[in-house]
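Trainee: Please pick one part of this model and take me through it closely. I would like the cut-offs for your terms as we go.

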Amino acid sequence: MKPLIIVSGLGCTGYKIYNLLKLQGADVVGISDHEVTQKGHRPITIKPDDKIIVGNLRSSQVLLEAGIKKASTIVLANSDDALNVAILTQARILNPKIRIINRIYNHTLGARLDHTLVDHFSMSVPSLAAPIFAFSALGNQAIGHLKLFEETWALQEQIISKEHPWYGLTLTQLWDNLDQMLIYYLPKNSEIDLVSGVVNHQKLEVGDHIILANKAKIKRKRSFFLFNWLKAFLNINTYKQYAKSMIVVTLILLTLIFLATFTYLCVNGGISPVDALYFSVGMITGAGGKEEVAESAPDIIKVFTAVMMIVGAGIVGICYALINDFVLGSRLKQFWDAARVPTKNHYIICGLGNVAMEIVRELHRQGHEIVVIEPDHNNRFLQYVRSLKIPVIVEDASFAETLQGANLKGANAILVVTSNDMINVEIALTAKALSPKIPTILRVQDNQFAESVKEVFQFENVLSPTELATYSFAAAALGGRILGNGMTNDLLWVAIATMITPNHPFCGEIVQEIARKADFVPLYISRGDNNLHSWNLLETKLTDNDVLYLTIPATKLDQLWRLPPTSPLLIHSLFPQKQS
C-alpha cells in the first residue's frame, strides 16, 4: 500500500505539485482554503479521481479529514511562512511521525526548523530555480541541477541525431568521465537501462535521450588595487551623471571668484593679483581677509561686494550640501559602483529580489563578474551585494541609458528577474533593441506565458521559478533528501542518497546487478573517506554503512517505501561528501 501524501495550499505551486504527484502514481490528497482556481481566478475543473478538501488549512478537523493520522508526508506549499509554520505545528500534534516538506522563504528560519525538527525539510523556490537561471546565462540549456561532491552540476538532455557528435558511440565510452556524469538513459528502440547499456557496449542511435550532469566551471578571480583604480578612471563616462551637479556648482563658484578678482584688479590697480584673489575667496566663502581692498573702493564696488557675499554664501552652501550628500549619503557608493562596472565579459542582473539574490550567489561562487541594476534605494539586499564587491546601479533598468551604463554591449548575458512580468518584458525588449545579439534570460510567473513570450520575442530563455521548483517539491514528497531531479517525457526521476544497513534490500548486492533489477543509475558510493566511481562502482558489493548516491524514476520509489522501519532512507545532509 502506497503511503498517503497531503499537499496543503493549492495555489499555483501547490496545485502543480498535487497534479505531478498524481501523475507519478502517488496516493495524494489536496487541501485548499478556497475554491481551486488558476492564476486568472477561473475555477479549475476537478476530475472525478481528485481528492481535494476545502477548508481552513490550519484546522485540525480539516487535517483529520485529509487523513493526517495515516499520512506519511505533508507538503506545505503556501507562500506565507507564518501560515506554513502554523500548519506544521498542528500536523505534528496530530501525527508526530509525519514527514514535512516546507516551502519557506526565510532561510534562517528554515535552517532552524530543519535542525530542531526530525523529518523536516525546508525548500525555497528561489534557491531551487536560481541555478537553472545561472546555467542558462552561461549558455547551458539546463533542465535541472544536482548537488554532488559539494558542487552544483547542470543537468542537460541530449537527443541523439545523425549530426550529434555522440552518434554511433557506445555508452561505455561516455561512462568513465567524472566531469560529465551520465544520469539517465531513454533509448528510442529498446527497453535497456543505462547500466546494462554501459556493460553491453550499447551504441547510441537516432532518437535516444541521454541525461547528463556537467560540473560547473569555477573562474579564478584576480583582483589588483591599481587595476581597480584604472578601471574606475576608464569608466569615468559611466558615472558622469552623478558628478554633473557637483561640476555645475563648482564652475559657478569659480566663475564668481574669477569675476570678483578681475573687478577688483580693474578698479584698484595698486593691489597685486594674489591679494585680489585672496580677498575674493575670503569674501565669497565668508572667511574674510584683506578687507582694505574693498574699503577704499567706490560705493558701486562696495555694493558689488555685498551682492557677491550674498550670492557666494548661497553657492558655497549648496556646494557644501552636495559634498555632504556625496560623502555621507549614498552618492559615494553609487559613484564607486558605477566606476567598477566591468567593460566586458560580465553578467547583468536586473531586479534584486529573492530569485536574483540566489542567482548572484551562484554566479559569484563560480567566479563571474556581475553587475546588478535595482531601482529601490532601500532594497534589503543592497548592502549584502556590495559586501561581495559587486557593483550596483540604483536606477530603472527599463531606460536605455541605465543599460548602457552597465556596459550592456560588452556583457555575456542579461538576466531580467524582477517580480513583475510586464516590467521584465519591457527591460528585455530594451536590451534587445540596444544589443540584438546579447543572450537574454527572462523570468515570468506563468509557465504557459513563458513559452509564448519566448516564441514571439525570440528570447534565449524564459523561465518560471515556480515551474522549475515544482518537480523538486514533488520529488522530495516521494522520499528522501533530494540531490536533484529532472523531467523527461512525463517521467520524473530523482537523485537521492540512501544509507545501506543490514536490513536494506540492496545490502550484499553487486551494484551492477541490483541497478538492473531496480532500474536505477548509480552515481557513486561514499565508503568511509573514499568515493567509488565508474567501473569500480559497478563491481562493488554494497555493505553496511555505505552511502549510495543514485538516480531513479519517481514511480520506482515504492521500493524504498517497503523498507522495514529499522532501515530508513537517511537524509543526504548527514553524509559528508569528500571528493577522492
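**Helices around helix 19**

Mentor: Let's begin with helix 1 (residues 12–23) and helix 19, whose axes (lines fitted to C-alpha atoms over the stretch in contact) come within 9 Å and cross at roughly 50°, taking angles from 0 to 180 degrees between N-to-C directions. Helix 1 is therefore oblique to helix 19 (under 35 degrees is roughly parallel, over 145 roughly antiparallel, 65 to 115 roughly perpendicular, the rest oblique). Bear in mind that this is a predicted model, where local features need pLDDT of at least 70 and side-chain atom pairs 80 or more, while totals for chains, interfaces and linings use all residues. Numbering starts from 1 along each chain as its sequence is written, and side-chain values use heavy atoms, without hydrogens and water.

The crossing of helix 1 over helix 19 is right-handed (the near helix is turned clockwise from the far one by less than a right angle; anticlockwise would be left-handed). On the helix 1 side, Cys12, Thr13, Lys16, Ile17, Leu20 and Leu21 are in contact (heavy atoms within 4.5 Å) with Thr466, Glu467, Thr470, Tyr471, Phe473, Ala474, Ala477 and Leu478 of helix 19. These contact residues are 9 nonpolar, 3 polar and 2 charged (Ala, Val, Leu, Ile, Met, Phe, Trp, Tyr, Cys and Pro are nonpolar, Asp, Glu, Lys and Arg charged, the others, Gly among them, polar).

Now look at another partner of helix 19. Helix 5 (residues 125–137) and helix 19 (residues 465–478) have axes that come within 8 Å and cross at roughly 110°, so helix 5 is roughly perpendicular to helix 19. This crossing is right-handed. From helix 5, Val125, Leu128, Ala129, Ile132 and Phe133 take part, and from helix 19, Pro465, Thr466, Leu468, Ala469, Ser472 and Phe473. The contact of helix 5 with helix 19 counts 9 nonpolar residues, 2 polar and no charged. Two names recur on helix 19: Thr466 and Phe473 belong to its contact with helix 1 and to its contact with helix 5.

Helix 5 also leads us on to helix 14 (residues 354–365): these two pack at about 55°, with their axes 8 Å apart. Helix 5 is therefore oblique to helix 14, and passes it in a right-handed crossing. Here Pro126, Ser127, Ala130, Pro131, Phe133 and Ala134 of helix 5 face Asn354, Val355, Glu358, Ile359, Glu362 and Leu363 of helix 14, with a make-up of 8 nonpolar, 2 polar and 2 charged residues. Phe133 of helix 5 takes part in the contact with helix 19 and in the one with helix 14.

Do zoom in on glutamate 358, which sits in helix 14. It counts as buried because its relative accessibility is 13% (buried is under 20%, exposed over 50%, partly exposed in between, with a 1.4 Å probe and protein chains only). Leaving aside residues up to four places away in sequence, glutamate 358 touches His107, Pro126, Ser127 and Ala130. Its C-alpha atom is 7.8 Å from that of proline 131, although 227 residues separate the pair along the chain.

For the wider setting, the protein has 22 helices and 21 strands (DSSP runs numbered from the N terminus: H or I of at least four residues, E of at least two). Of its 580 residues, 52% are buried. Among contacts with a separation of 6 or more, 64% join residues 24 or more positions apart.
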